[in-house]
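Open the model in your viewer and keep the selection box at hand. Each stop says what to select and what is there.

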Amino acid sequence: MPADRNTSRRLTANRLLAATLATAAIAVAAGGTADADTPRRSHVEVLELKVRNDQYQAVDLAPAGPSLGDLDVYSGTALKDGRSVGRGGGSCQVIYADGADVTAQCLLTMEVEGGSLTMQSLWTKGSTAPLDMAVTGGTGTYAGARGTMRFWDIGTPDERARAEIQR
């Protein structure tokens with residue numbers, strides 16, 4: 001074979017090898033980036049609870065009736081299969097009041113086996129719709145927890161909650 005042809009083949013082989021190595025390097029880098037950007041899989045724990053309220057106090061600031069700053073403070077026990085598995089409490093403070101249209105910001109902490117959970121949400125007073133509270137953190141086995149806790153039949157003997165906690 002002529003020298004020019006061997007040189008041409010070597011250049012083609014070298015270019016092919018370089019392209020293959022570059023493609024492999026890009027694939028490895030992309031794979032590493034995808035793994036770094038992919039959130040780690042979390043464990044989801046579901047808690048189905050009955051809520052027994054035991055203390056409640058409404059603080060009606062002036063002017064009388066629903067007004068900015070009014071406060072509802074409460075505490076209760078969390079039950080599962082009839083036995084106490086935790087306790088908690090919180091408050092809802094009015095942040096908007098226009099006649100019967102009243103919105104409160106609610107904060108709640110619940111101690112359960114293994115730690116505690118903190119939650120918050122806005123609530124339209126008088127609503128019969130379920131209340132979804134954001135799980136904003138916790139302690140113990142719930143450190144760094146996030147998720148949602150939904151409450152039904154709030155303030156009644158039938159109150160219950162379902163938490164979907166990611167950790």
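The tour runs from the whole chain to the core, the disulfide, the loops and a surface patch.

**Whole chain**

Start with everything shown as a cartoon. Keep in mind that this is a predicted model. The protein chain holds 1 helix and 8 strands. Followed along the sequence, the pattern reads α-β-β-β-β-β-β-β-β. Now switch on the surface. The accessible surface of the protein chain is about 10800 Å², and 56% of it belongs to carbon and sulfur atoms. Of the chain's 167 residues, 26% count as buried. For a contact map, take contacts between residues at least 6 apart in sequence: 36% of them join residues at least 24 apart.

**The core**

Hide the surface. Select Leu 117, Met 119, Met 149 and Phe 151. Within the largest nonpolar core, a set of 24 residues, these four touch the most other members. Next, colour the strands that feed this core. At least two residues each come from S1 (44-59), S3 (83-98), S4 (101-112), S5 (115-124), S6 (131-138), S7 (146-152) and S8 (160-166). S4 gives the largest share, 5 residues.

Stay with Met 119 and show its neighbours. Which residues does Met 119 touch, leaving out those up to four places away in sequence? One group is Cys 106, Leu 107, Leu 108 and Met 110. Another is Met 133, Ala 134, Val 135 and Thr 136. Met 149 and Phe 151 complete the list.

**The disulfide**

Cys 106 leads to the next stop. Select it together with Cys 92. The two form a disulfide, with their sulfur atoms 2.1 Å apart. The count for the model is 1 disulfide. Check the torsion about the S-S bond: it is 115°, and the link of Cys 92 and Cys 106 is right-handed. Cys 92 lies in strand S3 and Cys 106 in strand S4, so the pair ties together parts 14 residues apart in sequence. Are these cysteines buried or exposed? Cys 92 is buried, at 6% relative accessible area. Cys 106 is buried as well, at 1% relative accessibility. The cut-off for buried is under 20%.

**Backbone stops in the loops**

Select Ala 62 and Pro 63. The peptide bond from Ala 62 to Pro 63 is cis, with omega near 0°. Pro 63 sits in the loop between S1 and strand S2 (71-80).

Move on to Asp 81, in the loop between S2 and S3. Its phi is near 55°, a positive value in a residue other than glycine. Asp 81 is exposed, with a relative accessible area of 78%.

Then jump to Asp 153, in the loop between S7 and S8. Here too phi is positive in a residue other than glycine, near 50°. Asp 153 is partly exposed, at 38% relative accessible area.

**A patch on the surface**

Bring the surface back for the last stop. Select Leu 68, Ile 95, Tyr 96 and Leu 122. Together they make a nonpolar surface patch of about 410 Å². Zoom in on Ile 95, which lies in strand S3. Ile 95 is partly exposed, with a relative accessible area of 42%. Strand S3 has now come up at three stops: it supplies at least two residues of the core, it carries Cys 92 of the disulfide, and it holds Ile 95 of the patch.

Technical notes. Residues are numbered from 1 along each chain as its sequence is written. This is a predicted model: local features need pLDDT of at least 70, side-chain atom pairs count only at pLDDT 80 or more; totals for chains, interfaces and linings use all residues. Side-chain values use heavy atoms; hydrogens and water are left out. A nonpolar core is a set of buried Ala, Val, Leu, Ile, Met, Phe, Trp, Tyr and Cys residues joined through side-chain atoms within 4.5 Å. Buried means under 20% relative accessible area, exposed over 50%, partly exposed in between (1.4 Å probe, protein chains only). Helices (H or I, at least four residues) and strands (E, at least two) are DSSP runs, numbered from the N terminus. Contact means heavy atoms within 4.5 Å. A disulfide is a pair of cysteine sulfur atoms within 2.5 Å. Patches are made of residues with over 30% relative accessible area and no salt bridge: like charges are joined within 9 Å, nonpolar side chains (Val, Leu, Ile, Met, Phe, Trp, Tyr) within 5 Å. Accessible areas come from the Shrake-Rupley method with a 1.4 Å probe; for residues, only the protein chains shown count as cover. A salt bridge is a side-chain nitrogen of Lys or Arg within 4 Å of a carboxyl oxygen of Asp or Glu.
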